[in-house]
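Colleague: I have the model open and would like to go through its packing with you. Could you take my questions one at a time?

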Amino acid sequence: MGLKNINEVTKEKWLAATFPEWGTWLNEEIAAKEVDEGSFAMWWLGCTGIWLKTHEGTNIVMDMWNGTGKQTHGNGKMKKGHQMQRIGGVSNMQPNLRNVPFVVDPFELKDVDALVVSHIHSDHLDIVTASSVAKNCPQAKFIGPKEVVNTWIKWGVPEERTIVVRPNDRVTVGSVEVVALESFDRTALVTINDPEEKLAGKMPIDMDDIAVNILFETSGGNIYHGADSHYAVMFAKHGKEHDIDVALINYGENPPGIQDKMTSVDVLRMAEALQAKVVIPVHHDIWTNFMADPEEIVTLWNFKKDRLQYAFTPFIWQVGGQYNYPQDKNKIRFMFDRGFHDVFEGENDLPFPSFL
């Protein structure tokens, strides 16, 4: 922070100097990346958020979230009508604290051609991301299902910049075909704004109005983003109808009485059904109370892959990490750049040569 005296220190100065924790490091990395022909690059932004960049220079951001979970114990009670309350009949506060840093400075977003949002939940549909894209990227399109678009318009995004999609709709963004597919996010179906509304005995709302899965078709391969879908047999239909190279899907450890995230078994079943070449679990990073170890997926994959003749590989990513396809398709685990590539290119300075 450059402060010299304890009396200069304030909370505001600390916040300004510290957050986002990565500053513009990742923004700069993405801008400088030149994607090889016949490939694509993407970065994990946390939760299910990704940044996709193609060889042709198209940039698409999906589900980038800049919020937090619980920050205080408050009165210890859950907001009335919350979807988890409807699922589990609970009343105590959910202890879902944000578990990872902010790796992108949302106010420094540049060159974004489209913001794509899968569904209505607030850890995917983010007002800060929408504001930054709207102000910094005047040509960017806003693509999502009906109620996502309605929210953007309510926030002040010009309607003419928005595009409503339903399953099987296609939108061309630069060099990318964005294909909307059916979502299987049954948690979204019980997410209702009116806390007094009762859902028991009623037909659910139309899933296609509130949530979609997304397929990105690029010159370097196709990415299927399953967002917050639960496991569904329809994954096999998507796999039959589309060529899928890399599949991303939520993963987490569901608390007793709650069904919200895919399990390790679900992740493997989905990858097999989609006929994907690579499956990448996401969302397990973000909530402390749903935190799960993705190594469980690798262990189960190793246990089953020979008997079931799996044709895909799991990849265990890290938030802020870059993934290149097809260059990384046989990797199992991500590692950040370890640096020190120029070791001993200059003279070291030690008391004597064998000091270390």
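Colleague: Among contacts in the protein chain with a separation of 6 or more, what share comes from residues 24 or more positions apart?
Modeller: Happy to start there, with contact meaning heavy atoms within 4.5 Å. One caution first: this is a predicted model, with residues numbered from 1 along each chain as its sequence is written. Local features need pLDDT of at least 70 and side-chain atom pairs count only at pLDDT 80 or more, while totals for chains, interfaces and linings use all residues, and side-chain values use heavy atoms, without hydrogens and water. Among contacts with a separation of 6 or more, the share from residues 24 or more positions apart is 66%.

Colleague: What is the radius of gyration of the protein chain?
Modeller: The radius is taken over C-alpha atoms, and the globule rule is 2.2 Å times the number of residues to the power 0.38. For 356 residues a compact globule would come near 21 Å, so the chain agrees with the rule at 22 Å.

Colleague: What percentage of the residues in the protein chain is buried?
Modeller: Buried means under 20% relative accessible area, exposed over 50% and partly exposed in between, with a 1.4 Å probe and protein chains only. Of the 356 residues, the buried ones make up 51%.

Colleague: Which strand gives the most to the largest nonpolar core?
Modeller: A nonpolar core is a set of buried Ala, Val, Leu, Ile, Met, Phe, Trp, Tyr and Cys residues joined through side-chain atoms within 4.5 Å. The largest has 65 residues, and Met42, Trp152, Phe216, Ile280 and Trp317 touch the most other members. Strands are DSSP runs of E with at least two residues, and helices are runs of H or I with at least four, numbered from the N terminus. With six residues, the top contributor to this core is strand S1 (residues 40–46).

Colleague: How many residues of strand S9 are buried?
Modeller: Let's look at both sides of S9. Val212, Ile214, Phe216 and Thr218 point one way, Asn213, Leu215 and Glu217 point the other way, and all are buried. For S9 (residues 212–218), the count is seven of seven.

Colleague: Which residue in S10 stands opposite Leu215?
Modeller: Two strands pair if DSSP finds at least two bridges between them. S9 runs antiparallel to S10 (residues 221–225), with five bridges, and a hairpin of two residues joins them. On the S8 side, six bridges join S8 to S9, also antiparallel, and Ala180 stands opposite Ile214. Opposite Leu215 in S10 is Tyr224.

Colleague: How are the rings of Phe184 and Phe235 arranged: stacked, tilted or edge-to-face?
Modeller: Rings of Phe, Tyr and Trp (its six-membered ring) pair if their centres lie within 6.5 Å; planes under 30 degrees apart are stacked, over 60 edge-to-face and the rest tilted. By this rule there are 14 aromatic pairs. The centres of Phe184 and Phe235 are 5.0 Å apart and their planes are at 85°, so this pair is edge-to-face.

Colleague: How many residues apart in sequence are the parts that this pair ties together?
Modeller: Both Phe184 and Phe235 are buried. Phe184 lies in the loop between strand S8 (176–182) and helix H6 (207–210), and Phe235 in helix H7 (residues 234–241), so the parts tied together are apart in sequence by 51 residues.

Colleague: Which ring does the charged end of Lys305 sit over?
Modeller: A charge sits over a ring if NZ of Lys or CZ of Arg is within 6 Å of the ring centre and within 35 degrees of the ring normal. Lys261 lies over the face of Phe290, at 4.7 Å from the ring centre. For Lys305, the distance is 5.3 Å from the centre of the ring of Trp301.
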